[in-house]
Amino acid sequence: SPKALAAVSSGDMNGAARTERTSFVLEMTFNVAAEKIAAAIAESIRPRYSGSPSDVEALEALIVAGVNKKGGQADKGTTFRFDCSADGVGVSVDGSAEGTASYDGL
């Protein structure tokens, strides 16, 4: 949830992600539309990211595209994996790699 993500400081996540690859896994406990889950994740990132808003929008688009491949709905049990590194944030939905938002500091 955005509240849970907000509880982790950006310094903690940035520091861990920049030293090597750090992954975050989110498993859905209820059904939600692609745009809604992508918007919630993006909302939790925006206050901590000092780069261009379009960078976060690119990450949001990867999430939507991955969920749309499943029919547009992130059903209960859907897993999102975010692989964070100095290269950016890789997005996978249910084990299928969607792409990487390659922006410094994201």
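Here is a friendly talk about a predicted model, in questions and answers.

Visitor: In what order do the four strands of the open sheet stand?
Guide: Let's begin with the sheet. Its pairing is antiparallel. Neighbouring strands are turned by 20° against each other on average, direction ignored. The four strands follow the order S1-S4-S5-S6.

Visitor: Which strands stand at the edges of this sheet?
Guide: Look for strands that have a single partner strand, so that one side is left without a neighbour in the sheet. That description fits residues 22-27 and residues 96-101. The edge strands are S1 and S6.

Visitor: How many bridges join S1 to strand S4?
Guide: Strand S4 covers residues 79-85 and runs antiparallel to S1. One place to look is Ser 23, which stands opposite Asp 83 in S4. The number of bridges joining S1 to S4 is six.

Visitor: Which residue in the turn between S5 and S6 has a positive phi?
Guide: S5 and S6 pair in the antiparallel sense over five bridges, and Ser 92 stands opposite Ala 97 in S6. The two strands form a hairpin with two residues between them. The residue with a positive phi, of about 50°, is Asp 94.

Visitor: Which residue in S5 is the bridge partner of Cys 84?
Guide: S4 and S5 form a hairpin with two residues between them. They pair in the antiparallel sense over six bridges. In S5, the partner of Cys 84 is Val 89.

Visitor: Which helix packs on the sheet?
Guide: The helix in question touches S4, strand S5 (88-93) and S6. Its direction makes about 165° with that of S6. It spans residues 53-68 and is helix H4.

Visitor: How many residues does the largest nonpolar core have?
Guide: Nonpolar side chains tend to be buried together in soluble globular proteins. Here, the residues with the most contacts inside the core are Ile 37, Ile 45, Leu 59, Ile 63, Phe 80, Phe 82 and Leu 106. Helix H3 (34-45), H4, S4 and S5 each give two or more residues to this core. The core's residue count is 24.

Visitor: Is Phe 80 buried or exposed?
Guide: Leaving aside its neighbours within four places in sequence, Phe 80 is in contact with residues including Phe 24, Leu 26, Ile 37, Ile 63 and Val 93. Its relative accessible area is 0%, and buried means under 20%. Phe 80 is therefore buried.

Visitor: What is the centre to centre value for the aromatic pair of Phe 80 and Phe 82?
Guide: The structure holds one aromatic pair. With 10° between the planes, Phe 80 and Phe 82 are stacked. Phe 82 counts as buried at 10% relative accessibility. Centre to centre, the pair's value is 6.4 Å.

Visitor: Which side chain makes a polar contact of 2.3 Å with the side chain of Asp 83?
Guide: Asp 83 lies in strand S4 and counts as buried, at 13% relative accessibility. One polar contact, of 2.7 Å, joins its side chain to that of Arg 81. The polar contact of 2.3 Å is with the side chain of Ser 23.

Visitor: Which residue's backbone oxygen does the side chain of Thr 78 reach?
Guide: Thr 78 lies in the loop between strand S3 (73-74) and S4. This residue is buried, with a relative accessible area of 2%. At 2.8 Å, the side chain of Thr 78 reaches the backbone oxygen of Asp 75.

Definitions and conventions: Residues numbered from 1 in each chain as written. Predicted model: local features only at pLDDT ≥ 70, side-chain atom pairs only at ≥ 80, totals over all residues. Heavy atoms only, no water. Pairing = 2+ DSSP bridges. Axes fitted to C-alpha atoms, helices over the stretch in contact; angles between N-to-C directions. Contact = heavy atoms within 4.5 Å. Core = buried A, V, L, I, M, F, W, Y, C linked by side-chain atoms within 4.5 Å. Buried < 20%, exposed > 50% of the residue type's maximum accessible area, 1.4 Å probe, protein only. Polar contact = N/O pair within 3.5 Å; in protein donor to acceptor, adjacent residues only side chain to side chain. Phe/Tyr/Trp six-rings, centres within 6.5 Å; stacked < 30°, edge-to-face > 60°.
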